[in-house]
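Here is a short walk through one protein model. Keep the sequence and the 3D view side by side as you read.

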Amino acid sequence: MKWEDFVDEVKKGYELKKEELIKELEYLKFNTGLSYEILNDKETKEYKKLWIDNILPKNVSASIKEKAYSVCTDCGDYLWHLFSFELVETMENPTDEFNKLRKENCTLVFEANKRFAVKLKNAEDLDEQDIIDLCNYVAGWCDFVITAEDFSWAYSRTHEDGWCGPYFYKKKKEQC
């Protein structure tokens with residue numbers, strides 16, 4: 001296979017995943033009143049940097065911040081490494097904590113597909129299973145981080161089920 005053919009196949013796969021995502025989001029929109037905006041590759045990269053900056057405590061040292069960028073961008077490009085490497089404290093019973101939240105506006109990052117994230121509005125009725133189903137449908141596996149618009153909380157589910165995660169982070173009042 002020539003390089004150009006390979007690149008075309010990758011682009012088709014990306015567009016197919018995006019079409020599947022839109023189809024599933026439209027289904028959720030119809031059933032829950034959810035609205036959404038898909039972020040492109042550049043916007044997703046910018047969001048990931050913003051995510052790290054907002055989830056890390058403000059008083060961390062420069063070396064910890066550097067480590068955070070390294071583990072979240074170089075080590076498989078998974079934001080949840082901030083939790084698995086214990087750079088940020090997480091809570092017990094993560095799934096219960098997430099499911100009882102009032103979600104409203106949040107951003108869903110598909111860790112299995114680095115190319116896009118989705119801003120969700122009116123997401124109050126979403127629970128973990130909805131997002132797992134969405135990820136499995138779109139990406140074929142479940143690996144995501146969903147975060148409040150104001151970064152006051154984040155929930156992550158990994159492909160390392162039973163070994164790493166899930167994780168739930170909630171910003172402490174003194175961090176706000």
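Start at Leu-120. Setting aside neighbours within four places in sequence, Leu-120 is in contact with Leu-25, Leu-34, Ser-35 and Tyr-36. Its other contacts of this kind are Glu-104, Asn-105, Cys-106, Leu-108, Leu-126 and Ile-146. Bear in mind that this is a predicted model.

Now widen the view. Leu-120 is among the residues with the most contacts inside the largest nonpolar core, along with Leu-21, Phe-110, Phe-144 and Ile-146. That core has 27 residues. Which elements give two or more residues to it? Two are helices: helix 1 (3-32) and helix 6 (128-139). The others are strand 2 (106-110), strand 3 (117-121), strand 4 (144-148) and strand 5 (153-157). Helix 6 gives the largest share, 5 residues.

There is also a second core, separate from this one. It has 24 residues, including Ile-55, Ala-68, Cys-72 and Val-88.

Next, step back to the whole chain. The protein has 6 helices and 6 strands. How do the elements run from the N terminus on? The order is α-β-α-α-α-α-β-β-α-β-β-β.

Some totals complete the picture. The protein has 176 residues, and 41% of them are buried. Take the contacts between residues at least 6 apart in sequence: 62% of these join residues at least 24 apart. Finally, look at the outside. The accessible surface comes to about 9900 Å². Carbon and sulfur atoms account for 50% of that surface.

Conventions
Residues numbered from 1 in each chain as written. Predicted model: local features only at pLDDT ≥ 70, side-chain atom pairs only at ≥ 80, totals over all residues. Heavy atoms only, no water. Core = buried A, V, L, I, M, F, W, Y, C linked by side-chain atoms within 4.5 Å. Buried < 20%, exposed > 50% of the residue type's maximum accessible area, 1.4 Å probe, protein only. Helix = DSSP H or I, 4+ residues; strand = E, 2+ residues; numbered from the N terminus. Contact = heavy atoms within 4.5 Å. Areas by Shrake-Rupley, 256 points an atom, 1.4 Å probe, with all protein chains shown as cover.
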